[in-house]
Amino acid sequence: VDVSLSSSLPSEMLIKIFSYLDAVSLLSVGCVNKHFYHLANDNEIWLKIYSICFQPRRTIWKMKSEQTETVSLGCAALHDRKPGYWKKEYIFKQIAAVKTRLMRLVKPVDPYTGLPCKNKEAMKASGLSWMIVLKDKNGKEHITEKAKLSFKDTSVTILWYSTNWPCLDSLSTLKLFGVIPLLPDQSQAPSKNGPRRRSLIAEYHLANLTESSVALGADKLVQLFSLNPGLLVGLWKEKNEIAFVMVSLHYHQLLERSTLGSATVQYALPPNKPVLDDVDPGYGLHDYSLHLDMHGGSCTYLCGTFKSLFCRKGDIANGYLRLTVISLKDNKKHLPLAGTLGLSWETDVFKGNVKDCFMMDVTLLDETGKPFWCFSAPVYIELSSEASGLYDYLGRTYTTYYADSEGKVRIELVWLEETKEYFIVNLVLYISTKKVNNWYGTNY
């Protein structure tokens, strides 16, 4: 439609034309210009859409000779409301309906992970996708949406690549957004041209990336750098420009972060309501469960659940509770990693694998089975500089380390040359006492 020609039509005629549009098309038309925006806010059009969709108990519309006419209640609903009122009511009710469907889907919980069983179904039902926005130092934004998804037990890894990345030296920030249709239609795939909502998940500062981030490793083509939470940036070795961006998102509260935030403010997670226990002297120190997943793209190196983890009061030191998952002394619990460790990547032309790097998903549950500390992040192994106390193994020892504001993970591995595999011989979690105290209402 020629916008200039349409704008010359009388308002009454445009409103008549708009009355034949569905909700998504009407919202799109309202983005053309200010004149169309005001006309597309017409309460009579939106009241009709609202009443057909939600079928109110009291009749607002009557059908006569294939025409729709308002009755007295409809007149009151139109004239007593400001322009755009019924559009807002329709949008709010649609959003509420989507949230209700999602809550039903995420209600069943996996007893091993403590997470919803139907995360994929919930994401599909909401039409959820993710995008990154690169902002340069002049304030210009570069949006990248096309992504490749890889689903695991407790996380989803999202890979973006492009031939038109801005120069790394010119960039200031990278923002990660969840994107959902404003009015998701269950009967068809969401349209990228339709109205959508952004929810800010995380913001990363890219200035001096190679200095402010953690260098994970490299292959012949790229170097990997990571930033918390879960961001991995691959740089071309020769040009020092972005080759790809990878983000690993843990399922715990993924839907909330991806849908309930605004375009500028991240969704604030509700605090846990502690249930005080004055009888148990070790309240908050025992009956933890850990679900651990190590993977590198299509390969899974370890996936296991560890129950009945505990911490003695004497193990609390330097502001951390120590939970020993695999002990150096108990060789019966030492575990092998399947396959050759490496993190796979690809672009539209090249692909590769950075050795000794992988994604680590940690899901720690409290004594009630509620997710307590969860993350998904890229990590790497390095040759240990400490003397080994491993007399049962002949091989080099390596370490993997992760830390954030809530806790730390330390893993020791031994490389067995004969079988060409790594064995985990020590795995310890360190949980911030501040987090434990806030969660349980204790004082350690």
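How many aromatic pairs does the structure hold?

## Aromatic pairs

In this predicted model, the structure holds 16 aromatic pairs. One of them joins Trp373 and Phe375, whose ring centres lie 5.1 Å apart with 50° between the planes, so that the pair is classed as tilted, a class that falls between the cut-offs of 30 degrees for stacked and 60 for edge-to-face. Both partners are buried: Trp373 has a relative accessible area of 0%, while Phe375 is at 5% relative accessibility.

Aromatic residues also gather in a cluster, in which Tyr283, Tyr288, Phe372, Trp439 and Tyr440 are joined as one group.

## Charges over rings

Two contacts between a charged side chain and an aromatic ring can be described here. The charged end of Arg198 sits over the ring of Phe177, at 5.2 Å from the ring centre, and the charged end of Lys408 sits over the ring of Tyr320, at 4.3 Å from the centre of that ring.

## Packing of helices H7 and H8

Helix H7, which spans residues 85-106, packs with helix H8, which spans residues 119-126, at an angle of about 170° and with the two axes 9 Å apart. Because angles over 145 degrees count as roughly antiparallel, H7 is described as roughly antiparallel to H8.

On the H7 side, the residues in contact are Leu102, Leu105 and Val106, and these meet Glu121, Ala122, Ala125 and Ser126 in H8. Sorted by class, the contact of H7 with H8 comprises five nonpolar residues, one polar residue and one charged residue.

How values were computed
Residues numbered from 1 in each chain as written. Predicted model: local features only at pLDDT ≥ 70, side-chain atom pairs only at ≥ 80, totals over all residues. Heavy atoms only, no water. Phe/Tyr/Trp six-rings, centres within 6.5 Å; stacked < 30°, edge-to-face > 60°. Buried < 20%, exposed > 50% of the residue type's maximum accessible area, 1.4 Å probe, protein only. Lys NZ or Arg CZ within 6 Å of the ring centre and 35° of its normal. Axes fitted to C-alpha atoms, helices over the stretch in contact; angles between N-to-C directions. Helix = DSSP H or I, 4+ residues; strand = E, 2+ residues; numbered from the N terminus. Parallel < 35°, antiparallel > 145°, perpendicular 65-115°, else oblique. Contact = heavy atoms within 4.5 Å. Nonpolar A, V, L, I, M, F, W, Y, C, P; charged D, E, K, R; others polar.
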